[in-house]
Amino acid sequence: MELIISSPMHKKKHDIAWVELISSVGNMIIQSNHAPMVMRLEKKSQVVYGLTSGKQESLTVEFGVAHITRESVLLLLVDK
């Protein structure tokens, strides 16, 4: 599964096994073949993701939206 983190100043791609996203209704673990959806991320929330290598990384989201497909997650984020 591919995670794309995009903001006006940066764009990164990662091969991931899963990603945890936090919205106003709670947290969700997204894995390959997840149902497609668009969700607004909770302000100042943590996005945690597991790389295919087994390493876990995270980032803090000031404001953003996630576009989820069966094989990718696109995070559109606003930089601080």
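Here are three short exercises on single residues, each with a worked solution.

The model is predicted, with local features needing pLDDT of at least 70, side-chain atom pairs counting only at pLDDT 80 or more, and totals for chains, interfaces and linings using all residues. Numbering runs from 1 along each chain as its sequence is written, and side-chain values use heavy atoms, with hydrogens and water left out.

**Exercise 1.** Work out where S45 sits and whether S45 is buried or exposed.

*Solution.*
- Start with the element: S45 belongs to strand 5, residues 45–51. Strands here are DSSP runs of E, at least two residues, numbered from the N terminus.
- Next, check the surface: S45 counts as buried because its relative accessibility is 5%. Buried means under 20% relative accessible area, exposed over 50%, and partly exposed in between (1.4 Å probe, protein chains only).

**Exercise 2.** Find what S45 touches, leaving out residues up to four places away in sequence.

*Solution.*
- With that filter on, S45 touches I22, L59, T60 and V61. Touching here is contact, meaning heavy atoms within 4.5 Å.
- Now drop the filter and look at E42: its backbone oxygen is 2.8 Å from a polar atom of the S45 side chain.

**Exercise 3.** Look at N33 and K44: what is the phi of each residue?

*Solution.*
- N33 isn't a glycine, yet has a positive phi of about 70°. Its spot is the loop between strand 3 (26–31) and strand 4 (37–41), and N33 counts as exposed because its relative accessible area is 52%.
- K44, also not a glycine, has a positive phi of about 55°. K44 is in the loop between strand 4 and strand 5, and is exposed at 59% relative accessible area.

Terms used:
Helices (H or I, at least four residues) and strands (E, at least two) are DSSP runs, numbered from the N terminus. A polar contact is a pair of N or O atoms within 3.5 Å; within protein, one must be able to donate a hydrogen and the other to accept it, and residues adjacent in sequence count only if both atoms are side-chain atoms.
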